[in-house]
Amino acid sequence: MIYEFLDPWMIWAFRTSDNPYMGFTIGLIWVCLLTTVIGETCMAGVYFLNKRHFAKINRDMVDHHNLSVRALGVKDKTAWKACNSIANDAFGKNFFSRMALFASSLWVVPFAIGWLFYRFGQVDFAVPLLGSVGPAFVFIPVYIVSRILFSRAKPWLPFFRTIKRKVQENEATDDMMTFMDLVQKKDQQGDTPIPEKS
């Protein structure tokens with residue numbers, strides 16, 4: 001029933017050309033694009049439902065990293081070890097939270113592949129050196145390319161540009177320091193002229 005419901009939204013693109021190869025190519029691109037947009041929108045929804053959590057782990061990561069760099073700058077080894085350990089934990093939490101967030105955009109993929117099997121499961125897709133393959137083999141590389149191209153196009157799409165701006169506002173914090181920031185700061189202090197005694 002799910003695939004019957006999805007069918008009118010999917011199949012029209014496959015019928016846009018009298019050439020079956022061209023029609024299938026257009027249709028596959030449409031399915032991949034639709035899957036990408038729905039997935040990206042769901043990922044944004046999950047983010048904003050948990051925006052306080054993401055803001056906190058990002059702030060903790062940056063703050064503890066900066067503290068560890070400052071401790072290194074004043075040559076406090078004990079403080080550096082403590083801050084660096086906490087910063088590493090924060091990096092790990094941030095990384096796995098982002099991975100889980102990305103995974104929330106992939107739930108649409110099984111439905112897209114299932115519909116392709118529903119519609120084209122009996123069709124043999126011949127690939128040189130591999131022989132006949134199923135619709136999933138054709139779908140996955142096109143989907144990956146569509147995700148990459150879509151990520152590059154997002155800054156020019158008003159809806160997704162607004163999402164990016166709101167994410168940046170939610171995670172607004174200090175910039176991450178590097179060791180070079182300490183070196184430059186010391187150089188600037190060294191260049192400060194010492195006032196002459198009157």
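**Exercise 1. The nonpolar patch**

Which residues make a nonpolar surface patch of about 360 Å²? Place Ile-38 in its helix and class its exposure.

*Solution.*
- Step 1. Bear in mind that this is a predicted model.
- Step 2. List the members. Ile-2, Ile-38, Trp-107 and Phe-111 make the patch.
- Step 3. Place Ile-38. Helix α2, residues 20-49, holds Ile-38.
- Step 4. Class its exposure. Ile-38 has a relative accessible area of 33%. Partly exposed lies between 20% and 50%, so Ile-38 is partly exposed.

**Exercise 2. The cysteines**

How many disulfides does the count give? Class Cys-32 and Cys-42 by accessibility.

*Solution.*
- Step 1. Recall the bond. A disulfide joins the sulfur atoms of two cysteines covalently.
- Step 2. Apply the cut-off. The sulfur atoms must lie within 2.5 Å. The count comes to zero disulfides.
- Step 3. Take Cys-32. Its relative accessibility is 0%. Cys-32 therefore counts as buried.
- Step 4. Take Cys-42. Its relative accessible area is 26%. Cys-42 is therefore partly exposed.

**Exercise 3. The largest pocket**

What is the volume of the largest pocket? Which element gives the most to its lining?

*Solution.*
- Step 1. State the volume. The largest pocket has about 390 Å³.
- Step 2. Find the residues at its centre. The lining has 17 residues, and the closest to the centre are Met-43, Lys-154, Ile-163, Lys-164 and Val-167.
- Step 3. Sort the lining by element. Two or more residues come from each of α2, α4 (77-103) and α7 (158-170).
- Step 4. Pick the main contributor. α7 gives the most to the lining of the largest pocket, with six residues.

**Exercise 4. A salt bridge between α1 and α5**

How many salt bridges does a search of the whole structure find? Analyse the pair Asp-7 and Arg-119.

*Solution.*
- Step 1. Give the total. The whole structure has six salt bridges.
- Step 2. Check the distance. The cut-off is 4 Å. The side chains of Asp-7 and Arg-119 meet at 2.8 Å, N to O.
- Step 3. Locate the partners. Asp-7 is in helix α1 (residues 2-11), and Arg-119 is in helix α5 (residues 108-120). They are 112 residues apart in sequence, so the pair ties distant stretches together.
- Step 4. Class each partner. Asp-7 counts as buried at 11% relative accessibility. Arg-119 is partly exposed at 33%.

**Exercise 5. A salt bridge between α6 and α2**

Is the pair Arg-147 and Glu-40 in neighbouring or distant parts of the chain? Class both residues.

*Solution.*
- Step 1. Give the contact. The side chains of Arg-147 and Glu-40 form a salt bridge of 3.2 Å, N to O.
- Step 2. Locate the partners. Arg-147 sits in helix α6 (residues 135-153) and Glu-40 in helix α2. The pair links distant parts of the chain, 107 residues apart.
- Step 3. Class Arg-147. At 11% relative accessibility, Arg-147 counts as buried.
- Step 4. Class Glu-40. At a relative accessible area of 6%, Glu-40 is buried.

**Exercise 6. A pair within one helix, and a network**

What separates Asp-60 and Lys-56 in helix α3? Which residues do shared salt-bridge partners join into one network?

*Solution.*
- Step 1. Give the contact. Asp-60 forms a salt bridge with Lys-56, and the closest N and O atoms are 2.8 Å apart.
- Step 2. Use the spacing. Asp-60 and Lys-56 are four residues apart in helix α3 (residues 51-73), so about one helical turn separates them.
- Step 3. Class both. Asp-60 counts as partly exposed at 23% relative accessibility. Lys-56 counts as partly exposed at 44%.
- Step 4. Name the network. Salt bridges that share partners join Glu-40, Arg-147 and Lys-154.

Notes
Residues are numbered from 1 along each chain as its sequence is written. This is a predicted model: local features need pLDDT of at least 70, side-chain atom pairs count only at pLDDT 80 or more; totals for chains, interfaces and linings use all residues. Side-chain values use heavy atoms; hydrogens and water are left out. Patches are made of residues with over 30% relative accessible area and no salt bridge: like charges are joined within 9 Å, nonpolar side chains (Val, Leu, Ile, Met, Phe, Trp, Tyr) within 5 Å. Accessible areas come from the Shrake-Rupley method with a 1.4 Å probe; for residues, only the protein chains shown count as cover. Buried means under 20% relative accessible area, exposed over 50%, partly exposed in between (1.4 Å probe, protein chains only). On a 1 Å grid over the protein atoms alone, a cavity is a set of points where a 1.4 Å probe fits but cannot get out, and a pocket is an open set with protein on both sides within 12 Å along at least five of seven lines; lining residues have an atom within 4 Å of a point. Grid points are joined across faces, edges and corners, and a volume is the space filled by probe spheres set on the points.
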